[in-house]
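Colleague: I am new to this structure and would like some help reading it. Could you take me through it feature by feature?

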Amino acid sequence: MVKPYEQRFPWHLDWNLLRTFMVVVEQRGISRAAYLLGLKQPTISAALKRLEERTGHELIIRKPNEFKVTRAGNLLYQECAKIFGAVSQIPSLLETGAEELRGHIAITTTSHVISDHYDAVLHDFATEHSKVTFSMTVAESEEVVNRVQQNRASLGICLLHKTPENLRAQVLYREYFGLFCGTRHPLFDREDITLAEIEGETSVSFQTETEDGPLHPVSLLRARAKLAPSWRGVSSNLHELRRMIVAGIGIGALPLHVAHRDVESGRLRQLPPYDGLPMVNIYLLTNRQRKQSSAEAAFLAACEKMMAESDLKERTYY
């Protein structure tokens with residue numbers, strides 16, 4: 001049975017408080033949230049206090065040098081994100097009745113989504129539907145999953161350790177990883193390099209090269225090469241990891257097809273081992289519960305058509 005308080009709650013709640021709270025959580029602080037929203041800190045603090053009074057729960061623990069979202073705050077944040085995602089869809093949903101396909105497609109991807117097949121879909125779709133707009137956000141795989149789960153993205157493209165609940169994951173393409181060094185590395189100009197020669201060398205790493213991370217197979221490659229156990233540099237961004245390799249900070253793993261151009265231009269050199277290299281799937285993620293706009297549904301259909309018509313072997317990059 002619904003209590004009277006629960007019936008009154010949505011009518012008495014100032015919905016702007018939810019937006020403010022969501023920004024505070026995402027910015028990990030009141031001052032940063034105030035800067036982003038163009039408001040003063042006391043205004044944000046007062047809004048947070050009103051929301052806590054309205055919900056009857058402490059949402060954020062605010063102490064000097066400490067910022068912590070409570071359990072109730074985390075639950076509320078998840079709901080706020082869903083509300084924000086639903087509201088964000090409204091403009092695209094209202095475009096459904098237009099004669100020409102219109103709408104907006106929000107795509108969140110990891111930093112190393114490089115696929116000729118996917119690029120071809122983007123090109124053909126944008127050419128055919130000139131009134132559809134796009135926004136591309138780059139984030140870590142975990143954040144890509146969160147945005148799709150929270151209904152804040154039309155679709156996501158990322159690596160996965162396991163398929164998240166309520167999401168549909170399809171293999172967009174596959175890529176193989178190898179070890180590379182840059183021109184500034186002492187090994188670059190060696191005539192022949194054996195696997196034993198790179199033992200103990202310093203390295204740089206992706207943040208997701210952990211036992212329960214999507215790039216765990218790459219960490220096994222590092223272990224096979226017996227690189228120094230502790231990394232010299234780390235990044236979640238492929239382009240910054242590449243920068244560290246080129247700069248000579250350490251040996252690092254990159255997708256073979258991504259590094260190919262740098263190898264051809266003499267900026268990178270592939271190192272052993274050359275066989276038994278790890279293969280990683282890149283997934284197309286969608287939210288089963290999302291009410292897709294006409295533009296989103298059409299773009300997803302175009303991606304799925306490409307995947308159906310091209311064998312996965314064709315979408316496996318070396």
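Modeller: Here is a short tour, from confidence to cysteines, a cavity and the backbone.

Modeller: This is a predicted model, so local features need pLDDT of at least 70 and side-chain atom pairs count only at pLDDT 80 or more, while totals for chains, interfaces and linings use all residues. Residues are numbered from 1 along each chain as its sequence is written, and side-chain values use heavy atoms, with hydrogens and water left out.

Colleague: What pLDDT does the protein average, and which elements have the lowest and highest means?

Modeller: pLDDT is the predictor's confidence in each residue, from 0 to 100. Here the protein averages 89, and 93% of the residues score at least 70. Helices (H or I, at least four residues) and strands (E, at least two) are DSSP runs, numbered from the N terminus. Helix 1 (residues 4-12) has the lowest mean, 59, and strand 10 (residues 268-271) the highest, 98. Where pLDDT is low, the predicted coordinates should not be read in detail.

Colleague: How many disulfides does the count come to?

Modeller: A disulfide is a pair of cysteine sulfur atoms within 2.5 Å. The count is 0 disulfides. For Cys 158, the closest cysteine sulfur is in Cys 303, 14 Å away, which is too far for a bond. Cys 158 is also buried, at 0% relative accessibility; buried means under 20% relative accessible area, exposed over 50%, and partly exposed in between (1.4 Å probe, protein chains only).

Colleague: How many cavities of 30 Å³ or more does a search of the whole structure find?

Modeller: A cavity is a set of points, on a 1 Å grid over the protein atoms alone, where a 1.4 Å probe fits but cannot get out; lining residues have an atom within 4 Å of a point. Grid points are joined across faces, edges and corners, and the volume is the space filled by probe spheres set on the points. The search finds 1 cavity of that size, and the largest cavity holds about 100 Å³ of space. Its lining includes His 112, Glu 140 and Phe 206.

Colleague: Where does Lys 226 lie, and is Lys 226 buried or exposed?

Modeller: Lys 226 sits in the loop between helix 8 (216-224) and strand 8 (233-235). Lys 226 is exposed, with 51% relative accessible area, and has a positive phi of about 55 degrees although it is not a glycine. Asn 151 also has a positive phi, near 70 degrees, but Asn 151 is buried at 13% relative accessibility.

Colleague: Which peptide bond is cis?

Modeller: The bond from Pro 272 to Pro 273 is cis, with omega near 5 degrees. Pro 273 lies in the loop between strand 10 and strand 11 (279-287).

Notes: On a 1 Å grid over the protein atoms alone, a cavity is a set of points where a 1.4 Å probe fits but cannot get out, and a pocket is an open set with protein on both sides within 12 Å along at least five of seven lines; lining residues have an atom within 4 Å of a point.
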